[in-house]
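The following paragraphs lead through one protein chain, from local backbone geometry to sheets and charged pairs. The reader is invited to keep the structure in view while following them.

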Amino acid sequence: MKKSAVLLFMIMVLSSIITAASVDIDIIPVKDAVFAGEKAIFTVKITNNQGSDDDFRISSSDLNWIVDEASVRSLFVKADKTASGNVIFNPLSDVKPGSYGISLIVEDGTMVERIIPVALIDPNNLITPKFVGPEIDPRKESFIRLQLKNNYNIKLENVNLKLNSAIFNGLTRVINLDPLEARVEEFKVNLDLNTKEGKHPIKISLTTDR
């Protein structure tokens with residue numbers, strides 16, 4: 001009796017492995033970091049290795065991110081073929097900025113659930129500025145070096161950067177930042193020779209029309 005039980009268990013495990021391998025589901029982020037009011041977009045790619053055509057239903061049980069009307073709801077995939085479509089989500093208006101995991105369900109009689117990472121962007125934490133480099137000396141040619149870190153997986157274009165201080169004229173620049181990029185911007189400054197030694201505040205302004 002013990003040997004039969006072991007044999008049955010091995011057959012069940014082997015069967016589950018074959019079933020899991022009969023369908024491949026890939027989820028590819030198209031837009032996984034969004035501002036409030038924007039849509040998160042993912043491409044769902046299903047490869048059907050079952051040997052027969054199948055219809056796969058796509059849904060979500062998530063309470064914070066609602067499936068958009070334009071989102072694909074099902075994919076018909078022929079045997080040994082691949083089909084894909086975009087799944088689109090809208091964050092509810094009361095969802096706070098932060099990192100989330102959206103529940104995505106694919107069913108064809110059996111159910112597979114995947115958790116998709118997505119970020120709702122905090123505009124106040126979009127870019128982190130940090131002064132780097134040596135102290136400046138009014139008796140020498142001086143430079144201000146400002147490190148800018150894009151905190152999200154999105155490309156930022158036409159960001160207006162302004163530096164203002166009582167010890168130098170306002171400095172402006174328009175910059176672009178790649179997703180998650182950290183870079184240093186260098187500004188040449190001319191200081192009055194009578195500038196007093198000590199700490200002087202510099203106001204940093206970063207704005208974008210996005």
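Asparagine 158 is a residue of strand E12. In this predicted model, its phi is near 55°, a positive value in a residue other than glycine. A second such case is leucine 180, whose phi is positive at about 60° although the residue is not a glycine. Leucine 180 belongs to the loop between E13 and E14, and with a relative accessibility of 46% it counts as partly exposed.

Strand E12 leads on to its partner. E12 and E13 run antiparallel and are joined by 7 bridges; together they form a hairpin with 2 residues between them. Within this pairing, lysine 162 stands opposite threonine 172 in E13.

Before further detail is read from the coordinates, the confidence of the prediction deserves attention. The average pLDDT of the chain is 87, and 90% of the residues score at least 70. Residues 1-20, however, have a pLDDT below 50, and this stretch makes 0 contacts in the model beyond near neighbours in sequence. Where pLDDT is low, predicted coordinates should not be interpreted in detail.

The overall composition can now be stated. The chain contains 1 helix and 15 strands. Of its 210 residues, 32% count as buried. The chain exposes about 13,500 Å², of which carbon and sulfur atoms supply 52%. Among contacts between residues at least 6 apart in sequence, 60% join residues at least 24 apart.

Two open sheets may be followed strand by strand. Strands of a sheet pair through backbone hydrogen bonds, in either a parallel or an antiparallel sense. One open sheet has 5 strands in the order E2-E9-E8-E4-E6, and its pairing is mixed. Its edge strands are E2 (33-34) and E6 (74-77), each of which pairs on one side only. Inside this order, strand E4 (residues 54-59) and strand E8 (residues 98-107) pair in the antiparallel sense over 3 bridges. Isoleucine 58 stands opposite valine 106 in E8.

The other open sheet is formed by 3 strands in the order E10-E11-E14, with antiparallel pairing. Strand E10 (127-132) and E14 stand at its edges with a single partner strand each, so one side of each is left without a neighbour in the sheet. From one strand to the next, the twist averages 25°. E10 and E11 run antiparallel and are joined by 6 bridges. In E11, asparagine 150 is the bridge partner of isoleucine 127.

Charged side chains provide further links. Side chains of opposite charge can pair when their charged atoms come close. How many salt bridges does a search of the whole structure find? The search gives 6.

One of these salt bridges joins aspartate 178 and lysine 155, with the closest N and O atoms 2.7 Å apart. Aspartate 178 lies in the loop between strand E13 (168-177) and strand E14 (182-189), while lysine 155 lies in the loop between strand E11 (142-150) and strand E12 (156-165); the pair therefore ties together parts that are 23 residues apart in sequence. Aspartate 178 is partly exposed, at a relative accessible area of 39%, and lysine 155 is likewise partly exposed, at 39%.

Another salt bridge is formed by arginine 173 and glutamate 185, whose closest N and O atoms are 2.7 Å apart. Because arginine 173 lies in strand E13 and glutamate 185 in strand E14, this pair ties together parts that are 12 residues apart in sequence. Are these two residues buried or partly exposed? Arginine 173 has a relative accessibility of 28% and counts as partly exposed, whereas glutamate 185, at 7%, counts as buried. The pair also belongs to a network of salt bridges that links Arg173, Arg183 and Glu185.

A further salt bridge connects the side chains of lysine 31 and glutamate 38, at 3.7 Å from N to O. Lysine 31 is partly exposed, with 26% relative accessibility. Glutamate 38 has a relative accessible area of 19% and is buried, because the category of buried applies under 20%.

How values were computed
Residues numbered from 1 in each chain as written. Predicted model: local features only at pLDDT ≥ 70, side-chain atom pairs only at ≥ 80, totals over all residues. Heavy atoms only, no water. pLDDT = per-residue confidence, 0-100. Contact = heavy atoms within 4.5 Å. Pairing = 2+ DSSP bridges. Helix = DSSP H or I, 4+ residues; strand = E, 2+ residues; numbered from the N terminus. Buried < 20%, exposed > 50% of the residue type's maximum accessible area, 1.4 Å probe, protein only. Areas by Shrake-Rupley, 256 points an atom, 1.4 Å probe, with all protein chains shown as cover. Salt bridge = Lys/Arg side-chain N within 4 Å of Asp/Glu carboxyl O. Axes fitted to C-alpha atoms, helices over the stretch in contact; angles between N-to-C directions.
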